[in-house]
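User: Please take a close look at one part of this model and show me how it fits into the rest. A single connected account would suit me better than a list.

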Amino acid sequence: MTQFIAVSNRKGGVGKSTIAVMLANATAAWSQRRVLLIDLDTQCNASLMLVGGEAWERANRAGHTVADYFYDRFEKVAEDESAYVLNNVGDVAHARTAPGRVSLLPGSQRLEDIQGELLLKHSKKDLHADAVAVQVRTRMKNMLKHFGMDFDVVILDCPPGLSFAALAALALADHVLVPFRPDFVSQFAMDRAAMLIERVETAEQLAGIPIAERRYSCLPNCLKGDGHERLLIEQLALDHPVLKTRLPMLDSIARAFDWDETRKTMQEKYADALPHLRSLHDEIFRVPELLAKSA
Amino acid sequence: MTKRTRALSGASQDAYFRRLFRSHSSLTPEERDKIVQLLRREIAQLRLRRKQREGDTEAAREAIPTKPAPVAETAPARPADVEPAPAAPRTEPATAPFDPFSINVVVLLRTGGREGLLGALESIDSADNLRLLAREQRLSVGADLTSPAELRGAIVQAAERRVANRIAAAS
């Protein structure tokens with residue numbers, strides 16, 4: 001069964017795209033699964049990391065991005081969507097034995113505009129705007145779900161904020177990975193994200209859901225190793241599931257952002273970040289909802 | 001003469017100056033605060049002699065740790081062929097530096113309640129260290145507080161405000 005993993009945080013600059021790409025590469029390399037990364041962020045950083053600027057621009061011109069997919073196919077029945085997907089992307093050399101590789105549904109800077117257009121297009125006089133929004137989101141969710149037919153793992157790289165696409169991804173995800181930088185405002189962002197993911201309206205309702213049963217986990221990222229970070233992570237762990245994996249601020253992770261045409265091994269690409277990535281990969285695929293799906 | 005000094009900066013430096021100026025009754029509290037603020041801008045670090053001469057101020061003596069760490073069992077043996085250093089004055093053993101993150105104030109408040117946190121803070125008897133803990137854990141305490149008991153109370157209140165703020169933001 002396909003596992004949908006959203007990488008999300010309403011706060012920007014916490015490393016969502018970098019982690020989504022790392023996780024995609026790790027899953028393809030170590031789990032030998034067919035992995036699709038759907039880039040829902042209008043910054044398109046994950047797309048640029050996986051195919052570089054030129055190939056992304058070609059996909060844009062050809063109308064083969066996630067925005068085009070939503071717009072073109074919104075009212076059509078499900079059919080072959082492979083034209084929108086770029087296969088065997090990234091600069092990591094995976095084993096040649098299929099199906100261990102990464103595919104990409106490229107992002108688009110027009111995604112936000114298209115969401116607005118879809119909303120207007122489907123507005124009706126006798127239907128409240130909120131109801132239309134729910135319809136659009138639900139349709140987008142089902143369109144994303146359609147990719148589960150061809151892939152074992154679908155990683156949804158969400159934008160900051162709460163666009164329709166982000167909400168659709170959160171609704172679809174079996175598990176939501178929430179990277180955060182341990183600082184004071186991250187706690188607020190995490191509390192709100194958690195309520196959204198668990199579909200509750202108050203902190204009291206959230207507290208009523210046992211931490212072990214939550215649909216999300218928090219990943220401390222960009223750690224400098226100071227005492228204040230440790231305190232904040234401990235404080236966060238009182239209310240939220242926090243992974244044991246800690247991603248330090250490493251040059252090797254910053255460099256992994258750069259795409260180049262030369263294929264390299266996971267060791268060459270991630271260097272001293274590799275043990276951290278291994279830990280993240282192993283921990284993510286041990287979470288109960290993903291285990292249940294793979295059983 | 002060998003100098004053994006202790007570095008003070010930030011909150012502990014401020015506390016030292018406040019105690020020092022309190023011995024000058026001609027200064028009002030406002031004037032003291034003004035001078036302390038000025039000194040904080042001008043002086044990044046203060047090095048304080050550990051071994052004080054007779055006649056030093058009361059305040060300077062207070063700034064020296066009163067509970068030196070035991071050293072007898074951990075002192076390394078001196079090699080037999082090394083002569084003991086002559087004429088080195090006896091100095092107080094250095095204390096382990098205080099770790100302002102040794103207690104997670106907010107976590108303790110939430111898990112142990114007000115009493116639990118106060119109990120944990122009781123283990124810190126230096127006002128300088130309490131102020132340092134508050135500063136590093138970004139807990140706002142009044143600059144005019146000097147006694148450890150007052151500082152502990154202020155730390156608990158600041159932590160309560162922190163928790164209340166977070167709950168409010170999530171509602």
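Analyst:
**A loop residue and the helices around it**

Let's start with Cys222(A), which lies in the loop between β6 and α9 of chain A (helices are DSSP runs of H or I with at least four residues, strands are runs of E with at least two, and both are numbered from the N terminus). What you're looking at is a predicted model, where local features need pLDDT of at least 70 and side-chain atom pairs count only at 80 or more, while totals for chains, interfaces and linings use all residues. Residues are numbered from 1 along each chain as its sequence is written, with chains lettered from A and ligands numbered from 1 in the order in which they are written.

The backbone is what catches the eye here: Cys222(A) isn't a glycine, yet its phi is positive at about 60 degrees. Most residues other than glycine have a negative phi. Cys222(A) is also buried, with 20 other C-beta atoms within 10 Å (20 or more others within that distance is buried, 12 or fewer is exposed, anything in between is partly exposed, and C-beta atoms are placed from the backbone).

Arg199(A) makes a nice counterpart. Its phi is positive too, about 55 degrees, and again this is no glycine. Arg199(A) follows α7(A) and sits in the loop between α7 and α8 of chain A. Here the surroundings are sparser: Arg199(A) is exposed, with 12 other C-beta atoms within 10 Å.

Moving on past Cys222(A), we come to α9 (227–237) of chain A, the helix that holds Leu232(A). Leu232(A) counts as buried, having 22 C-beta neighbours inside 10 Å. Leaving out residues up to four places away in sequence, Leu232(A) touches Pro182(A), Asp183(A) and Gln187(A) (two residues touch, or are in contact, if their C-beta atoms lie within 7 Å). Val200(A) isn't part of that neighbourhood: 32 residues separate Leu232(A) and Val200(A) along the chain, and their C-alpha atoms are 24 Å apart.

Gln187(A) brings us to α7(A), where it is one of the buried residues, along with Ser186(A), Ala189(A), Met190(A), Asp191(A), Ala193(A), Ala194(A) and Ile197(A). This helix runs to 14 residues and spans 21 Å from its first C-alpha to its last. Its buried residues pack against α6, β5, α8, β6 and α9 of chain A, and also against α6 (148–170) of chain B. Leu196(A) belongs to α7(A) as well, but it is partly exposed, with 19 other C-beta atoms within 10 Å. Between the C-alpha atoms of Leu196(A) and Leu167(A) there are 8.8 Å, and the two are 29 residues apart along the chain.

Leu167(A) is in α6(A), where it is buried along with Phe164(A), Ala165(A), Ala166(A), Ala168(A), Ala169(A) and Leu170(A). Seven of the nine residues of α6(A) are buried, so the rest of the structure largely encloses this helix. Its cover includes β1, α4, α5, β4, β5 and α7 of chain A.

Now for the chain contact that α7(A) hinted at. In all, 13 residues of chain A are in contact with twelve of chain B. On the chain A side, the elements giving two or more residues are α7 and α9, and α9(A) gives the most, with six.

Ala169(A) also leads into the nonpolar core (a set of buried Ala, Val, Leu, Ile, Met, Phe, Trp, Tyr and Cys residues joined through C-beta atoms within 7 Å). The largest one has 90 residues, and those touching the most other members are Ala169(A), Ile5(A), Ala6(A), Leu37(A), Ile38(A), Ile155(A) and Leu156(A). Helix α1 (residues 16–30) of chain A gives the most to this core, with nine residues. Take Ile155(A): beyond four places in sequence, it touches Ile5(A), Val7(A), Ala20(A), Leu23(A), Ala24(A), Val35(A) and Leu37(A). A separate core of 16 residues includes Ile124(B), Ala134(B), Ile155(B) and Ala159(B).

Stepping back, chain A has 13 helices and six strands, and its C-alpha atoms fill a box of roughly 55 × 50 × 35 Å along the principal axes. Of its 295 residues, 46% count as buried. Among contacts in chain A with a separation of 6 or more, 76% join residues 24 or more positions apart.

Key: Expected span 1.5 Å × (residues − 1).
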